[in-house]
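This report concerns the aromatic rings of one protein and the charged groups placed over them. The sequence and the structure are shown first.

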Amino acid sequence: MVRLKLIPFCGPHVHLVEAGTPVIGNDQFENNLVLVETVAYSKGLPPEGISIMLEFAMSLRMGNSPCVRVLKCLIPATVVPQEAVVRAVVWLCVGKIPISSQVLFIKWVLTVFDLIDAKDQLRAIYGFIFNFVTEENLCPFICHLLYLLTRKESVQIFRVRKLLELQSKLGRQPFLLYLLSLYRVFCPELVTLSIPSRMRSGFRNHNSPWKSALIAVQKKNGSQVSPTISLPFMTNSRKRKHRHLEIPKLCSVVNKPAQTEPSFSRKVVPFMQLNSFTELLENLHRIELPAQMGSLLASSMALHYLDCVQDESALLRLNFWLGYTLHEEFLFNSDGGASQDLDEAQQFLNKLLFTQDFLQEGFSATEAFLYKFLRVWDGSLLRPQILSLLSNIPVVPSLKIGRLLFEPLMQLFFTSSVFFKCGLIECLNNMLSKWLSWHTVYALEDDLDISLNSHTSINMTLSEFKDSVMELVHFVGRLASVGLQLESYHSLLLSFILDFYETVCDTFVKYELPLIVMPPAGVFYPALFATEPVSVDRLAYIMYRYKVNLTSAKLDIKQKMKASHISRQTFYEFNHYKAIMVNCLWNSKMSEPDMGLQLKEELLCKSNIPEYWKSFDLINHPAFMSCAIDFHRKCWPRKRNVDLNSIKLSRPWTWYLQYLYSQGYNGLKQFVSSM
C-alpha cells in the first residue's frame, strides 16, 4: 500500500512514499520525481524541499537508485538548511549507503558549502565527519570538507596522528598535506612534519553535476537569490568564458547575529557586521571570517585585518580559493571569452593586484598559477595584469628559475612585438627591484643569511639569493642583446633596457647587496652609439653610478677587512667600458686596439668619412650633432659656414659643455665630473 504525503513547494507537489515501496513499474513515483527534477533545474528547490528530498535520498526508502537520482537534482534556490545536512551526515553513520552514493553526497556538500545557512552544528559534529577519513574512496573529499570546517579547537593530537598514519599508508597525498598544513597553522607544536612551501592543488576540481545547474538557477532567479550568497564554482566546459568571475560578496559563515560559543564563552562577531575601523580594532581577536574567503579581496577592512593580524589560517584558505579560481577561469579557459568577459577578468585581476600591493607581497597560489599559465599564454591576453602579477613573485631559487620563468618568457620574448618586449623588460625590472627591496628589509644583521618572510616562507642564504639575482640580470642581458638586434635597435626598447640597468648599477649602495653586474657589450655599444642624446646621457649616468658603487664596495672591503664579494672581472669590465666612453666622447679616438670593437682600417677609409676617428665625440656624435650646430650658431651668429672644429678650442669647449648641461644632460655632467 502506497501512502502519499502532499508537500507543496515552488508551485508543483512532491509525493513521498513509505519505505519498501517498489521502484520498478511505479509510474506515480516516476512522474513525481520527474516533476521534482523539472522544478529543481528550472527554479531550484526551496530550503524545505531540500530538507525533504535529502532526507528521502539518504534514508534509502526506495533503494540506492532513487538516492543517486535525487542527490543529482538537489539544486537550491536560495540556501541549504544546516539541519538537513547534519541529518544526512547521521545517515552516513548508519552504514547502509553504498560508497559511491556517499562520495556523491560529500561532493554535493562541497558544491553547496557556501549556500549552507550556518556552520555551527556541522562544526559540532566535526569528530563524526573526521572518522570517515579512514575510508580510502572518501578520504580526498572528507579532507576537503574538514579543511573548510577546521578551527583551532578542532586540532587534536589524535587527529594529527591519524592523518600521519594515513600519509604513511597512502603516501604524501596533496589533500592530506593541505589539511595538515592548516593544522600546523593552528597548532605548530602538534604538527612537526615538514610540509613543502609550494604544493600542487590539494583538492582537485571534481566534475560536479551541480555546478552549471546552480549557476543557471541563480541567473534565472536573479533577485530571488539571497544577495549575501555568491557561488564559487564556474561552468565546467574547457571552452567556457569568464562568466561569474567576480569577487564574492562579504557574508558570514553563520548568517545570524553575533553569538556566544558555549565551549569558550567568547562572543563571535561575523565580519559582515563590522561597520567601522574602530569596531574592527575592538573585535580584532573575536572575528569570524566569512564563508567565502574570496570576499576578503573586496573589503578594505578585511585587508586591514589580514595585514594587522597575520592570520595564517585565513591566508591559507584565501590561497586555496585563489588557486581554484585562477586555474578554473584562466588556465583552463582556451578562448579568452568575449569583450565583456575580458572586462570581468581585468577587474578581477586588478582587484588581486590591489590586494597584493596593499599587503606588499604576493600569494603562493598566484605564483603557482603563473608558472603554469606562462606555458600556454599567447603574450597578449590580459597582458598588463599578467605582467604585473609576474613582477610580484618572490625570489625563485637559481636552480629552478630557468625552468619556471626563463624558458617560457624567452619563447614569448623572441616571438612577440617590440611593445611586448618593452613590457616584459619593465616587468623584470620591477621584479628585480622588489627582490632587492625584500633583501634590504629582511637581511639579517650578520649579513650572511636572508629570510624572505612571505606567507609561504622561503629561507635562503645570501649566496643563494645573489645567485638568483645574478641569473635574472644575466637573463635580461641576453634578452636585451638579441632583442635590440631583432628590433633594429629600437629606441623605445633601448629606453626600457636602460631603466633595468639603472636598477642594476645601484645594487650595492642603494640595496646593500654585495653584487655588481656590468651590462653586456650588446647593450653598452648600442647605447653609446645611439642616435638619441637621451640614451647616451642615461648610459653616462649608469656608468657614473657603477663607479660610485664600485668605489663604495672597495672602501667597505678595506674598512671591514674582509674578502671582496665583487670579482676582479667586474672592475676590469668597468674600466674597459669607461676608457671606451672617454676615448669616443672626449678624446676623439673612436677605434683603439683595446676597444673590443674593431674595424679594419681599409674598411674605414672606404667610407670616405673625413677624420672618421672623431665621428663619436661630443661634437660629431650623431646624438649631439644638432646640439653642436645650435651652439655654434649661438656662439658665432655671423659666421655663414659652420666649423664644428672651432668648438674644440679651450674656452668654446668649456662653454659647449655648459650648454649641454643646461639642456638637462645631467648624466653626462656627472660622468664628466667623475673622470
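In this predicted model, K119 lies over the face of F113, at 4.7 Å from the ring centre. A second case involves R159, whose charged end sits over the ring of F130, 5.8 Å from the centre of that ring.

Aromatic rings also pair with one another, and the structure holds 22 aromatic pairs. A pair of aromatic rings is described by the distance of the centres and the angle of the planes. Two of the pairs are set out below.

| Pair | Centre to centre | Angle between planes | Class |
|---|---|---|---|
| Y147 and F320 | 5.5 Å | 55° | tilted |
| W653 and Y656 | 6.1 Å | 40° | tilted |

The pair of Y147 and F320 is tilted because its planes stand at 55°, and an angle counts as tilted when it is neither under 30 degrees nor over 60. Y147 belongs to helix 8 (residues 139–149) and F320 to helix 14 (residues 312–331), so this pair ties together parts that are 173 residues apart in sequence. Are these two residues buried or exposed? Y147 is buried, with a relative accessible area of 1%, and F320 also counts as buried, at 14% relative accessibility.

W653 and Y656, by contrast, both lie in helix 27 (residues 650–662). They are three residues apart, about one turn of the helix. W653 counts as buried at 11% relative accessibility, and Y656 is buried with a relative accessible area of 0%.

Ring pairs can also join into a group: W321, F330, F348, F369, F373, W377 and F420 are linked into a cluster in this way.

Note on methods
Residues are numbered from 1 along each chain as its sequence is written. This is a predicted model: local features need pLDDT of at least 70, side-chain atom pairs count only at pLDDT 80 or more; totals for chains, interfaces and linings use all residues. Side-chain values use heavy atoms; hydrogens and water are left out. Rings of Phe, Tyr and Trp (its six-membered ring) pair if their centres lie within 6.5 Å; planes under 30 degrees apart count as stacked, over 60 as edge-to-face and the rest as tilted. Helices (H or I, at least four residues) and strands (E, at least two) are DSSP runs, numbered from the N terminus. Buried means under 20% relative accessible area, exposed over 50%, partly exposed in between (1.4 Å probe, protein chains only). A charge sits over a ring if NZ of Lys or CZ of Arg is within 6 Å of the ring centre and within 35 degrees of the ring normal.
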